[in-house]
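Here's a structure I'd like to go through with you, one question at a time. Have a look first, and then we'll start with the empty space inside.

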Amino acid sequence: MLDFLGDLRRTHMCGALRVSDAGKKAVLMGWVNRRRDHGNLLFVDLRDRSGVTQVVINAERNAAIHDKSAALRNEYVIAVVGTVKLRDANTVNPNMPTGEVELIAEELRILNESKLPPFLPSDTALTNEETRLKYRYIDLRRDVMQFNIELRHKVAKAIRDYLSAQGFFEIETPFMTRSTPEGARDYLVPSRVQPGTFYALPQSPQLFKQILMISGFDRYFQIVRCFRDEDLRADRQPEFTQIDLEMSYPQPERVWEVVEGFLKSAFAAAGSEIKTPFPRMDYDEAIRLYGIDKPDLRLPAFTDVRESFSAENLQELAINANLPVIAIRTPKVGELSRKERDDIKPMFNPKGGAKVFEDFKRIGNKFPEAAAAIAKKTGMEDGDLIVIVAGSLPTGSAPAEPRMPSSEHRKVTPQELAIYASAGVLRLALAQKYADRHGIFKKSGDAAKDFRFLWVTNFPMFEWDEADKRWNAAHHPFTSPHEEDMAKLETGVEALNDPLSPLSAVRALAYDVVLNGTELGSGSIRIHRQDVQSRIFRALGMTDEEARARFGFFLEALEYGTPPHGGIALGLDRIVMILAGAESLREVIPFPKTARAVDLMVDAPTPVSEAQLKELGIAVKK
């Protein structure tokens, strides 16, 4: 027989009782985490989101309660009234915050029973992820999931508090808007009252937050759900949460100061201290040093070691002396076996004629002077792994003197980019493969709190799409170009079908904030002039009519006194994932989708009835 709660009120959370509460009356409510029957004594570990308290039910004190407790099983929901008592010294549990006390039961109410779950929240060995997601309400009872969701709340609250104190208004923007497909696919919502038309769920509030700046709100933020119908990865979901903000009259540095401020508050809420300001790096420099626009600064940068080889060395190794020769140093890997060295080549994904030399000892044996120079230049220490990535020498090429390294501020050429990109992928693959050896990527201890932030700035404004023979926006089409590059933009529009058009040299006032190789957020100073926005659309191959059809309301708004403005959006899910030391976004989102964009708990998506489709004027094509 189950009991009703009635007017019984909880006085303490299960994880709250301490030595100072000894002798007090307490009312606890929660789930049976564990039950141990010792004859006249029954011990129940009672759990809620705050922790666990041991409840003692003594047959000699109250036979009726003891008899009633025989029915208890794991995950039953109960309320217990009793007196807090200090545990005997030999029964203290130092591994529990409540381990010095216990509750002596005087009244027991069984509020609900439970079927035997497919797994228990107290299980130390995790079941497979599909079962966890199907029974998410059980999975969320686990202490690690309770911790992650509480952490998410604390981080979001810290961000809200900081931005509110900085004069930002939290303003909600629509979930049902018009489709303006750029990059990822929109999720579409059919309109019943306007048959044959569709809303789109927003991929971001981009245009609305810019219109809020036009409307005079000056400082906006929102912790907002966004939607993208795209293929999923561990760090991607079809619906996700981002910290979205926009400011009027900023330089990029002003946006960065705000972001650094709220990240400092967010990380402090999670018990971590971070240093500000974050270092800054141009996109081209990031490519030259790391081969990627979101570098992981926990690992050493590349070293260009062309000068360490003589022209004859390069010719003998069939290396193109006119391209970078990159040394990748992975610290503290130790001696590799022959098989481990052989395993490096399959990890290498060559682009543009890139080639890899995975056996540095062999290079040392054949070219000892070059190897010594490389070891010195890279700062190689005992146990470090050195792998070389270079460009292949074209067949029949004559020896060439090694060219001096690229000027620090010169744009990376497509040929160089292929070498850098190949080396960048291999650099991360090597670090991941040998993570257990060098310890840099550990999820616990000091290594887990080694947070290396970076601002990557001055991205290219446009990217050449070789398949479609056209230029695309590298960031998004509302990003402002550098003032100094306006002339290149103007002349570039006259050569839209040329991959070497001046458009390739136009820089965007765009910036990404990166943490340990993960892009946390992306932003830019926006275009606030209608004439510049029209030029960008033309560079992207849009006619004035196409631009008006897709963005007419926004182009019109730009004609009514738009102030300069800029902003950024950061992924809340990713931030919490890193702070929690989790491997997947699904570990920090209460109700995530699988890699196939399926919600296993509610069994969505599902077909709908013919009547619903008919009402919407939709026919499903099999």
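Q: What is the volume of the largest cavity?

A: Ground rules first: this is a predicted model, where local features need pLDDT of at least 70 and side-chain atom pairs count only at pLDDT 80 or more, while totals for chains, interfaces and linings use all residues. Residues are numbered from 1 along each chain as its sequence is written, and side-chain values use heavy atoms, with hydrogens and water left out. A cavity is a set of points on a 1 Å grid over the protein atoms alone where a 1.4 Å probe fits but cannot get out; points are joined across faces, edges and corners, and the volume is the space filled by probe spheres set on them. For the largest cavity that gives about 40 Å³.

Q: How many cavities of 30 Å³ or more does a search of the whole structure find?

A: Rolling a probe the size of a water molecule over the atoms shows where empty space is left. With the whole structure searched at a threshold of 30 Å³ or more, the number of cavities found is 1.

Q: How many charged residues are in the lining of the largest cavity?

A: Lining residues have an atom within 4 Å of a cavity point, and here they are Leu133, Phe591, Pro592, Met601, Arg136 and Asp599. Ala, Val, Leu, Ile, Met, Phe, Trp, Tyr, Cys and Pro count as nonpolar, Asp, Glu, Lys and Arg as charged, and the others, Gly among them, as polar. That splits the lining into 4 nonpolar and no polar residues, and the charged count is 2.

Q: What percentage of the 622 residues in the protein are buried?

A: Buried means under 20% relative accessible area, exposed means over 50%, and partly exposed is in between (1.4 Å probe, protein chains only). Two cysteines, 14 and 226, count as buried because the relative accessible area is 0% for cysteine 14 and 0% for cysteine 226. Across the protein, the buried share is 49%.

Q: Which helix supplies the largest share of the largest nonpolar core?

A: A nonpolar core is a set of buried Ala, Val, Leu, Ile, Met, Phe, Trp, Tyr and Cys residues joined through side-chain atoms within 4.5 Å. The largest one has 47 residues, with Val389, Leu426 and Phe462 making the most contacts inside it. Its largest share is 5 residues, spanning part of 414-433, from helix H13.

Q: Which valines does leucine 426 touch, not counting residues up to four places away in sequence?

A: Contact means heavy atoms within 4.5 Å. Among the residues leucine 426 touches are Ile328, Ile344, Met347 and Phe348. The valines it touches are Val356, Val387 and Val389.

Q: Is helix H17 (residues 530-539) largely enclosed or largely open?

A: Helices (H or I, at least four residues) and strands (E, at least two) are DSSP runs, numbered from the N terminus. The buried residues of H17 include Val532, Ile536 and Phe537, along with Arg535, and they pack against strand E17 (462-465), strand E18 (470-473), helix H16 (486-492) and H18. Since 8 of the 10 residues of H17 are buried, the helix is largely enclosed.

Q: What phi does glycine 541 take?

A: Glycine 541 sits just after H17. Its phi is positive, at about 85°.

Q: Is tyrosine 249 buried or exposed?

A: Tyrosine 249 is in the loop between strand E10 (239-248) and H6. Its phi is near 60°, a positive value in a residue other than glycine. Because its relative accessibility is 56%, tyrosine 249 counts as exposed.

Q: Is asparagine 516 buried or exposed?

A: Asparagine 516 also has a positive phi, about 50°, without being a glycine. It lies in the loop between strand E19 (510-515) and strand E20 (518-525). Because its relative accessibility is 12%, asparagine 516 counts as buried.

Q: What is omega for the cis peptide bond that joins alanine 604 and proline 605?

A: Threonine 276 and proline 277 are joined by a cis peptide bond with omega about 0°, and that proline is in the loop between helix H6 (252-269) and strand E11 (280-282). Proline 605 is in the loop between helix H19 (572-580) and helix H20 (610-616). For the bond from alanine 604 to proline 605, omega is about 5°.

Note on methods. 1 Å grid on protein atoms, 1.4 Å probe; cavity = no way out; pocket = protein on both sides within 12 Å on 5 of 7 lines; lining within 4 Å.
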